[in-house]
Amino acid sequence: MNEKDRKDGFQPRQWLVEPDFVVERDPEKCIQCQVCVRQCANDVHRYDEDDETVSSDSSPCVGCHRCASLCPTGAISIKRSELDFRPHGNWTAAALRNVYKQAETGGILLAGMGNDQGLPVYWDRLLLNASQVTNPSIDPLREPMETLTHLGRKPDRLRLLERDGGVALATRIEPQLELQVPVMFSAMSYGSISYHASMALARAASEAGTYANTGEGGLHRDIRPFGDNMIVQVASGRFGVDSEYLNSAAAVEIKIGQGAKPGIGGHLPGEKVDGAVSETRMIPEGTDALSPAPHHDIYSIEDLRQLIYSIKEATLYEKPVSVKIAAVHNVAAIASGCVRAGADIVAIDGCRGGTGAAPTMIRNNVGIPIEFALAAVDSRLREEGIRNQASVIAAGGFRCSADVVKAIALGADAVYLGTVALVAMGCHMCQKCYTGKCNWGIATQDPYLTRRLNPDMATRRLVNLLRAWKLEIKEMMGGMGINAIESLRGNREHLRGVGLTDRELRILDVKAAGE
């Protein structure tokens, strides 16, 4: 390191740890405007006042594309590092780099978002049916199509009374969530994402006629006016939980597990806990927000039942109570226990579900795909005759409207959207949410960065996404000759498998293509 680099505060990269990305700058196009210097929170770009030139150090680059997107002359390109290792069937480049990192730091490897390993995406191996001659398709532009969905406990039977020459419903219907489209925004806590991102999700849910989930970070006072379209969460840390919080939303969700990190708790670093986050979470400013792995008052289904009914008592039995669990090996039995404990909704989060921070080894190696978990849970509840007693929400890596339609045919009542909502707002999936340096203003509390996300634009993009998906869902339903989402739910005859083993087809309870 020369004297000039030492004076400028240049930090040498870690020994043996090669950069993940290479930043290339075209000197013919670069006009030294310093936009990249101002936009990068990772200090990749720097301006030399003596030489009046901008240069780049690829080592801290996370591949967020902020600099390349905003470069006025298109002078910057971001590429994967070309430096590779000798091929080895066991010791892949990723495995070697992980060892080098841990040998340097002595710490746990962290990652954001969901499992990024090459696991099969089973949605891509399931194909939908379409009507032809005997069961004509329906044109959604000319005929009514019903995507309205109700989430909550349904009665075993309906009792009707004749009254004043008409018929009245005598059976009491438990509280329901009414969705105009069978998708909701998944749990993302204020603190892990910015105020503007949280506000955009709440506003978009209200405008689109669906719901957003607060996650375990409490409900910011500015978002409470949107409470009719919010689901509040009760997690092991109990952050922000009081009677007002429980009664300010349309439903309450008890978080037991999360798909990206089943079996462990959460951690929001103290540097993300500013004054507003501190007030919302009801913890001291600047302190780490630690959620223990278990709820310290839940060690059995009976304990869970007590918490469910405590929440129902606190909300005067006016709100459905959901239980969120991770997709693990015995998920069907766990879901059955949650329903028998009194849950009105069971949310299942698969291993591709996103997160702000998770140990990389747990994110990549624990849990099962949502496709298998959903099929197992729906089949188990039907076999036990309790499927009507709770709605089922699927979560974990949903990318498009076709995934949603397939999930509903596989047994889901609705789907949670998390990562795709962040992508709609501008996320570029650099998977470094835990650093708090999100250059797109989404997963950060840095005031300089959060202002980059325009909440009005983010809201509009989210509403546009839901509108587009709703139109596509109607098109697919019409093609199948179905005019109501209720007719598709759990109807696996509309699914066929391609490239699946007999065992996989049996677990999914789906026929092979051609059958």
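Which residues does His494 touch, not counting residues up to four places away in sequence?

**View 1. The surroundings of His494 in a predicted model.** The structure shown here and in the views that follow is a predicted model. His494 is found in the loop that runs between helix 16 (485–488) and strand 22 (495–497). Once residues up to four places away in sequence are set aside, His494 touches Leu127, Leu128, Asn129, Met480, Ile482 and Leu488. Its relative accessible area is 10%, so His494 counts as buried.

**View 2. The aromatic pair of Phe85 and Tyr100.** The structure holds four aromatic pairs, and one of them is formed by Phe85 and Tyr100, whose ring centres lie 6.3 Å apart and whose planes meet at 40°, so that the pair is tilted. Phe85 belongs to the loop between strand 4 (76–80) and helix 4 (93–105), whereas Tyr100 belongs to helix 4 itself, and the pair thereby links parts of the chain that are 15 residues apart. Both side chains can be placed by their accessibility: Phe85 is partly exposed, with a relative accessible area of 27%, and Tyr100, at 25%, also counts as partly exposed.

**View 3. The aromatic pair of Trp123 and Phe398.** Trp123 and Phe398 form a tilted aromatic pair, with 5.4 Å from centre to centre and 35° between the planes. Trp123 lies in the loop between strand 5 (110–111) and strand 6 (126–128), and Phe398 in the loop between strand 20 (391–395) and helix 12 (401–410), so the pair ties together parts that are 275 residues apart in sequence. Trp123 is buried, and Phe398 is buried as well.

**View 4. Charged side chains over tyrosine rings.** At one site, the charged end of Arg125 sits over the ring of Tyr122, at 5.8 Å from the centre of that ring. At another, Lys312 lies over the face of Tyr309, at 4.9 Å from the ring centre.

**View 5. Helix 4 and the residue that follows it.** Helix 4, which carries Tyr100 of the pair with Phe85, has 13 residues and reaches 18 Å from its first C-alpha to its last, close to the 18 Å expected at 1.5 Å a residue. The helix is followed by Gly106, which has a positive phi, near 70°.

**View 6. Helix 5 and its packing partners.** Helix 5 (residues 195–208) has 14 residues, which at 1.5 Å a residue should span 20 Å, and its end C-alpha atoms are indeed 20 Å apart. Its buried residues are Ala197, Ser198, Met199, Ala200, Leu201, Ala202, Ala204, Ala205 and Ala208. These buried residues pack against three strands and two helices, namely strand 11 (183–187), strand 12 (212–213), strand 13 (230–234), helix 13 (419–425) and helix 15 (455–479). After helix 5 comes Gly209, whose phi is positive, near 75°.

**View 7. The contact between domain 1 and domain 2.** The chain is divided into domain 1 (17–107) and domain 2 (149–512), and the centres of the two domains, taken over C-alpha atoms, are separated by 35 Å. To the contact, domain 1 contributes 12 residues and domain 2 contributes 10 residues. The size of an interface is often given as the accessible area lost when the parts come together. Between them, domain 1 and domain 2 bury about 1,000 Å², with 51% of it on carbon and sulfur atoms. On the domain 1 side, Ala41, Cys64 and Arg66 lose the most area to domain 2, together accounting for 45% of what that side buries.

Conventions:
Residues numbered from 1 in each chain as written. Predicted model: local features only at pLDDT ≥ 70, side-chain atom pairs only at ≥ 80, totals over all residues. Heavy atoms only, no water. Phe/Tyr/Trp six-rings, centres within 6.5 Å; stacked < 30°, edge-to-face > 60°. Helix = DSSP H or I, 4+ residues; strand = E, 2+ residues; numbered from the N terminus. Buried < 20%, exposed > 50% of the residue type's maximum accessible area, 1.4 Å probe, protein only. Lys NZ or Arg CZ within 6 Å of the ring centre and 35° of its normal. Expected span 1.5 Å × (residues − 1). Domains from an automatic or database assignment. Contact = heavy atoms within 4.5 Å. Buried area = accessible area lost by both parts, 1.4 Å probe.
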